[in-house]
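Trainee: I'm new to this one and would like a close look at a single part. Could you walk me through the aromatic pairs?

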Amino acid sequence: MEISGKVAIVTGAGAGIGAALARRLAERGARVVVADLDGESAAVVAESIGAQAVSVGGDVSDEKVVQTMIDRAEAEFGPVDLYFANAGIGGGPGLESTDEQWSAALEVNVLAHVRAARLLVPGWAARGEGYFVVTASAAGLLTQIGSAPYSVTKHAAVGFAEWLSVTYGDNGIRVSCVCPMGVDTKLLHGDLIPGDEAAAAMAIKAVTSAGAVLSPDEVADVVLAGVEAEQFLILPHPEVLEMYRRKGADYDRWLAGMRRFQSALRG
């Protein structure tokens, strides 16, 4: 995949991994639509990039907002080549999570991807190329101690990326699924489980004690290298692959180990 000259949309790009991806894409010669719920933050990132970027503010789980992003990209730069479904939110803790918390996590972490693909993939299939990048999480391959909505929706995000690749890979559409562990973003500083400090502290400790905390720039570099190589599973923390293998090799043993890990975190 040659990034130079391509047109990309990056959601959740007002900060964190999304902002880093937008900047790295521009450095490699792409033109970028910077999208975020916080329109002011998106505008700041786009302005820092320069003429290669424009911004769109809005809820990217809203199909009308996604259509606006696509229309803006086409008006400013041309047809969209790459879509980075990067926006994501935390969720409630466990069974006490409300229906509203579950719905919000499903909307942003899963259905936003579905709605974007619904608008982009048919056109890509007709022209024989396109690239859809899902930012999921290591929680989507393993699990997230402390937050049921986050864990479940990230599993669903991985599943949707797999389905896209299987269903449309022979039509020239490439798919990547990004599954990092700890990244120095708002999620790691209280937004993973908003409103429940105890559950959030345990969830964050589970992440930070499992491996290194990477910067958004480090993750963006790994992601774009994976995209250039057309790699499906992109793991900024390579050790996640071994964890995933151990899970698949002996599920019961892995579950027992996770329970011990959770007990240690609580203790």
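Mentor: Here is a look at the aromatic pairs, with a little background to begin.

This is a predicted model, where local features need pLDDT of at least 70, side-chain atom pairs count only at pLDDT 80 or more, and totals for chains, interfaces and linings use all residues. Residues are numbered from 1 along each chain as its sequence is written, and side-chain values use heavy atoms, with hydrogens and water left out.

Searching the whole structure turns up four aromatic pairs. To pair, rings of Phe, Tyr and Trp (its six-membered ring) need centres within 6.5 Å; planes under 30 degrees apart are stacked, over 60 edge-to-face, and the rest tilted.

Take F160 and W163: their ring centres are 6.1 Å apart and the planes sit at 15°, so this pair is stacked. Both belong to helix 5 (residues 148-168), three residues apart, about one turn of the helix. Helices here are DSSP runs of H or I, at least four residues, numbered from the N terminus. F160 is buried at 14% relative accessibility, while W163 is partly exposed at 46%. Buried means under 20% relative accessible area, exposed over 50%, and partly exposed in between, using a 1.4 Å probe and protein chains only.

Now for Y251 and W254: the ring centres are 6.1 Å apart with planes at 85°, so that pair is edge-to-face. Those two lie in helix 9 (residues 251-266), three residues apart, about one turn of the helix. Here Y251 is partly exposed at 47% and W254 is buried at 14%.

Back with F160 and W163, Y168 joins them in one aromatic cluster.
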